Amino acid sequence: MHEGASLTHMMTVLVLQLAVIILAAKSFGFITSRFLKQSSVLGELIAGMVIGPFALGSIPLAFLGGQSLFAIPIGADLPVSPELYGFATVASIVLLFFSGLETDLKTFLRFAGTGSIVGLGGVIATFLLGAGSAVVFIPQVNSIMNPTALFMGIIATATSVGITARILSERRKLSSPEGVTILSAAVLDDVLGIVLLAVVIGLVRSGRGTDSDVDWGLIGRIALKAFGFWIGSTVIGIILAPRITKGLKSLKDMGTLSMVTFGLALMLAGLSELAGLAMIIGAYVMGLALSGTDVAEDIRHRLDGLYNFIVPIFFCVMGMLVDFSVLPKVLVYGLVYTFVGMFGKIVGCGVPALTMGFNARGAMRISTGMLPRGEVTLIMAGLGLSSGVLDPGLFGVAVMSMFISSLIAPPVLVKAFKGGSGFKKSLDTKKSEDLKSISIDMPSVSLADFVMTRLLTAFRQADFFPRRVGHGNLVYAVQKDAVQITLLRDGTTITANVPPDQETFVRLLLTEEILSLKELFRSVEKVAGSDAMERDMLGGLF
Amino acid sequence: MNLKKVLTRDAVMIGLIGTSKNEIIKELVGLIVKNGSDLDEKSLLKAVFDREAQMSTGMKNGIAIPHGKTNDVSELHAVIAVSAVPVDFECLDKKPARIFVMTISPASHTGPHLQFLAEVSGLLTRDDLREKILAAENEDELLKIFLQGQA
């Protein structure tokens with residue numbers, strides 16, 4: 001890029017860039033989450049726009065020899081340096097690895113019914129509307145089989161259910177029939193989006209996604225290959241994962257185990273790219289394979305540090321890619337695209353929900369829950385931009401849709417969940433009765449944390465599948481067959497939200513757990529009460 | 001949980017003769033040991049008494065649910081029995097109990113135990129069923145009340 005610039009100089013610039021990115025992302029993220037009550041992701045994205053090459057980042061700096069900090073590399077496809085984009089790429093692998101880890105395939109398969117149909121409806125409707133809008137609004141695009149149209153289609157399908165999960169858990173609605181449906185629909189949404197992405201990338205790479213002469217045989221073969229790679233590696237992964245983790249567990253070092261699994265995720269990401277698919281597909285598959293093992297939660301916990309470091313960089317870099325100068329030209333299409341994306345989710349998810357026993361209110365709740373967009377939208381848009389399928393304007397359109405949807409969704413969602421039952425009158429059975437809340441107060445946060453861990457183990461021993469909902473939320477969905485209980489810790493209070501017919505069961509379980517805790521503390525007291533331990537500890541010191 | 005899988009003709013009993021908490025527990029454990037194969041009565045008794053020492057399992061409405069967890073059993077064992085006379089079981093409502101539900105479950109696999117108790121407690125909250133249980137004249141009748149009550 002910079003002829004004659006020494007490697008040291010390049011690395012110095014990179015380090016300074018990372019420093020500015022991290023500081024800006026964290027402060028903007030803090031402001032949006034603390035004062036504007038929005039997802040910190042939006043703040044990180046704005047941070048990138050503000051400090052990026054199209055804004056402050058273009059100001060020449062004297063101490064860099066008159067060069068600007070985020071200078072646009074000459075002759076490159078992207079307005080950021082390859083080194084920086086490398087960080088964003090690794091971050092996208094981390095994001096999708098986590099997304100896979102958070103999916104509980106076993107649980108999903110058992111509760112798939114309503115959720116899959118809702119998810120499928122949303123994906124089909126948004127894909128067609130997204131791709132269709134490209135045909136109508138972009139002059140060079142004449143068919144929805146055009147690569148650009150295909151990309152705009154898959155970008156429109158992505159849902160990020162993390163925001164929904166957080167809002168619903170705060171309002172104790174996560175275990176409602178609508179909440180359960182949203183969570184399982186989101187799983188299908190993720191999986192379908194990934195498979196569609198694989199197919200579209202296959203088509204684009206084969207150079208056969210064109211305006212005319214649609215070769216359906218070729219499309220079929222590519223789709224089959226993409227789907228085959230996905231399902232094949234997922235199945236192999238699910239079979240091998242417990243063995244691999246079992247072997248690794250003998251190391252007795254969870255830190256090493258977590259890093260090794262992440263290494264495997266990078267490996268599979270690279271391999272899937274070589275197989276003609278996208279890297280994030282391999283990362284997602286690796287996460288998915290590990291999600292069923294008993295160390296999934298532990299892996300996430302150990303990789304939290306990595307996540308907190310690299311993911312803000314990702315959102316910030318995505319913000320930097322937004323070229324403001326082209327935005328006015330695509331503003332109208334951006335708004336249309338955002339609108340059809342939301343309309344597609346509402347109709348595509350709402351109509352199936354209506355046929356599955358929900359009334360208009362219930363269908364509205366479910367479809368608004370599917371509105372927020374997040375990292376997957378941006379990753380897909382970034383892939384489109386870096387491969388040249390999307391121009392900077394369309395990338396801006398995708399960012400705009402992610403931004404607006406995520407901004408509009410929370411208040412709409414909160415409003416939708418007010419009022420009565422979401423079931424049709426004829427089907428309004430005890431299922432829609434209000435959930436019972438059982439709370440336990442603990443004297444301190446660390447004790448509450450400890451008790452929470454014990455409770456999750458107790459639920460596991462009672463054949464439930466606890467899984468953490470979204471990143472950074474202290475909310476667990478604990479599922480077994482058709483039953484879902486939510487367990488959340490807020491400060492020192494642990495609350496279980498349970499359907500009425502499970503109240504007895506949960507009360508019994510909590511009682512047993514509290515009794516065994518008391519027993520544990522009594523045994524600690526016995527040891528500690530004698531002072532002998534402390535005296536031994538301090539023995540030789542004074 | 002389907003009660004049929006756990007409750008058999010041999011797992012219910014009327015007319016327990018004990019008149020104290022200890023005697024009733026011994027009778028119930030004895031019944032479980034008799035129905036099972038190769039169970040260690042001593043370890044089962046210890047599990048139940050250890051649990052009782054933490055907090056009495058006497059509930060309300062004349063019901064008690066003594067239970068224990070031990071890895072000496074590999075699956076859930078349960079019995080339901082009615083005593084001839086009301087027995088003081090240190091119940092929550094301070095009244096004596098006549099209906100006893102005992103479960104012994106593996107320590108690391110408590111799901112079936114809790115499911116069973118939740119299922120049975122659902123039935124025992126019904127006044128009509130409790131009256132029928134106390135009036136049952138033989139084991140067949142008692143078993144029928146639980147299996148039909150669930151249906």
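Is B:Lys46 buried or exposed? At a relative accessibility of 52%, B:Lys46 counts as exposed. The model in which this residue is described is a predicted one. The report below treats the salt bridges first, then two helices of chain B, two residues with positive phi, and a surface patch of chain A.

**Salt bridges**

Side chains of opposite charge can pair when their charged atoms come close. Over all chains, the structure holds 13 salt bridges. Among them are the three pairs listed here.

| Pair | Closest N to O distance |
|---|---|
| A:Lys345 and A:Asp189 | 2.8 Å |
| B:Lys21 and B:Glu52 | 2.9 Å |
| B:Asp50 and B:Lys46 | 2.8 Å |

In chain A, the side chains of A:Lys345 and A:Asp189 meet in a salt bridge. A:Lys345 belongs to helix H13 (residues 327-355) of chain A and A:Asp189 to helix H8 (residues 177-205) of chain A, so the pair ties together parts that are 156 residues apart in sequence. A:Lys345 is buried, with a relative accessible area of 0%. A:Asp189 is buried as well, its relative accessible area being 2%.

In chain B, a salt bridge joins B:Lys21 to B:Glu52. Because B:Lys21 lies in helix H2 of chain B and B:Glu52 in helix H3 of chain B, this pair ties together parts that are 31 residues apart in sequence. Both B:Lys21 and B:Glu52 are buried. B:Lys21 and B:Glu52 are also linked with B:Glu90 in a network of salt bridges.

The salt bridge between B:Asp50 and B:Lys46 is set within one helix. These two residues are 4 residues apart in helix H3 of chain B, so about one helical turn separates them. B:Asp50 counts as partly exposed, at 39% relative accessibility, whereas B:Lys46 counts as exposed.

**Helices H2 and H3 of chain B**

Two packed helices are described by the angle between their axes and the distance between the axes. For helix H2 (residues 21-35) of chain B and helix H3 (residues 41-54) of chain B, the axes come within 10 Å and cross at roughly 140 degrees. H2(B) is therefore oblique to H3(B). The crossing of H2(B) and H3(B) is right-handed. The salt bridge of B:Lys21 with B:Glu52 connects H2 and H3 of chain B.

**Residues with positive phi in chain B**

Which residue other than glycine has a phi near 60 degrees? B:Asn61 has this positive value. B:Asn61 is placed in the loop between H3 and strand S2 (63-64) of chain B. With 46% relative accessibility, B:Asn61 counts as partly exposed.

B:Glu90 likewise is not a glycine, and its phi is positive, at about 50 degrees. The loop between strand S4 (77-87) and strand S5 (97-105) of chain B holds B:Glu90. B:Glu90 is exposed, with a relative accessible area of 51%. B:Glu90 is thus a loop residue that takes part in the salt-bridge network with B:Lys21 and B:Glu52.

**A nonpolar patch in chain A**

Which residues make a nonpolar surface patch of about 420 Å²? The patch is formed by A:Phe30, A:Ile31, A:Phe35 and A:Leu36. One of these residues, A:Phe30, lies in helix H1 (residues 7-34) of chain A. A:Phe30 is partly exposed, and its relative accessible area is 41%.

How values were computed: Residues numbered from 1 in each chain as written. Chains lettered and ligands numbered in written order. Predicted model: local features only at pLDDT ≥ 70, side-chain atom pairs only at ≥ 80, totals over all residues. Heavy atoms only, no water. Patch = residues over 30% accessible without salt bridge, like charges linked within 9 Å, V, L, I, M, F, W, Y side chains within 5 Å. Areas by Shrake-Rupley, 256 points an atom, 1.4 Å probe, with all protein chains shown as cover. Salt bridge = Lys/Arg side-chain N within 4 Å of Asp/Glu carboxyl O. Buried < 20%, exposed > 50% of the residue type's maximum accessible area, 1.4 Å probe, protein only. Axes fitted to C-alpha atoms, helices over the stretch in contact; angles between N-to-C directions. Parallel < 35°, antiparallel > 145°, perpendicular 65-115°, else oblique. Left-handed = near helix turned anticlockwise from the far one by under 90°.
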